[in-house]
Amino acid sequence: MGKARKPIQIVILLLVVILGGYAIGSSVFKGDGKPKEGSKAPSFELMGLDGQKHTLDEYKGKAVVLNFWGSWCTPCVKEMPALQAEWEKWRDQGVVIVGVNVGEDQMTVENFVRQVNIDFPIVMDPGRNAVRSYGISPMPTTFFIDAKGRVDSIHIGQLDLKSLDDVIGKLVDS
């Protein structure tokens, strides 16, 4: 009876060691997949409304306001005028506002942009690759990325003009 239990105990021990190693490795090397304040912002390569592919690297040396939105999202629509106003105010001071449309087709996005009269850069994430890289769940979500490519702060939910201006001001001063 004692000899029969020994192989089972060895198998159980091996499973515990393997699962423990996997759990530790996952937490150390992957985390939860979401960038945190102070971490490097994940790169992306997305098609812009201008027909060109855009990456986060092309904005190196500039502060970036990366806003994830959809035209079906009421808070996203409500914050568009504030984003446009801040684009007009800060673009000559090394700040880029980039709107990442999530999951919509180009015609829908172009019509929306024309309707709300925005001209800051818009890229499209139809496959939701950037959404996964950034761990976006509710929208709108906005990442404030410093000139070195690090996430300075993250705002989940609708931004108003004053709070957007305050965060950009701090981002530029840092």
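1. P140 sits in the loop that runs between helix α4 (129-134) and strand β6 (141-145), and in this predicted model the peptide bond that joins M139 to P140 is cis, with an omega of about 0 degrees. Most peptide bonds are trans. A reader new to the structure may therefore wish to look at the bond between M139 and P140, given that it is cis and that most peptide bonds are trans.

2. Two residues deserve a note for their backbone angles. N117, which is found in the loop between α3 (106-116) and β5 (122-125), has a phi near 60 degrees, a positive value in a residue that is not glycine. Most residues other than glycine have a negative phi. With a relative accessible area of 63%, N117 is exposed, because the exposed class takes in residues over 50%.

3. R128 is the other residue to note here, and its phi is likewise positive, at about 60 degrees, although R128 is not a glycine. Its place is the loop between β5 and α4. R128 has a relative accessibility of 39% and so counts as partly exposed, since that class lies between the buried limit of 20% and the exposed limit of 50%.

4. For the overall layout, the protein chain has five helices and seven strands. Read from the N terminus, these elements follow the order α-β-β-β-α-β-α-β-α-β-β-α, so that the chain begins and ends its list of elements with a helix. Of the contacts between residues at least 6 apart in sequence, 69% join residues that are at least 24 apart.

5. How much of the protein chain counts as buried? Of its 174 residues, 39% fall into that class. The accessible surface of the chain comes to about 10100 Å², and carbon and sulfur atoms account for 58% of that surface.

6. The structure holds one disulfide, which joins C73 to C76 with a distance from S to S of 2.3 Å. The torsion about the S-S bond of C73 and C76 is about 75 degrees, and the disulfide is therefore right-handed. Both of these cysteines, C73 and C76, are buried.

7. S153 offers a view of the surroundings of one strand residue, as it is found in β7, which spans residues 151-156. Is S153 buried or exposed? Its relative accessibility is 15%, so S153 counts as buried, the limit for that class being under 20%. Leaving aside residues up to four places away in sequence, S153 touches E37, T142, F143, F144 and V167; T142, F143 and F144 are among the residues within the range given for strand β6 (141-145).

8. A search of the whole structure finds one cavity of 30 Å³ or more, and about 90 Å³ of space lies in the largest cavity. Which residues lie nearest the centre of the largest cavity? They are L56, D57, K60, I145 and G149, out of a lining of 15 residues. Sorted by class, the lining of this largest cavity has six nonpolar, three polar and six charged residues. Of the residues nearest the centre, I145 also falls within the range given for strand β6 (141-145).

Terms used:
Residues numbered from 1 in each chain as written. Predicted model: local features only at pLDDT ≥ 70, side-chain atom pairs only at ≥ 80, totals over all residues. Heavy atoms only, no water. Disulfide = S-S within 2.5 Å. Buried < 20%, exposed > 50% of the residue type's maximum accessible area, 1.4 Å probe, protein only. 1 Å grid on protein atoms, 1.4 Å probe; cavity = no way out; pocket = protein on both sides within 12 Å on 5 of 7 lines; lining within 4 Å. Points joined across faces, edges and corners; volume = space filled by probe spheres on them. Nonpolar A, V, L, I, M, F, W, Y, C, P; charged D, E, K, R; others polar. Helix = DSSP H or I, 4+ residues; strand = E, 2+ residues; numbered from the N terminus. Contact = heavy atoms within 4.5 Å. Areas by Shrake-Rupley, 256 points an atom, 1.4 Å probe, with all protein chains shown as cover.
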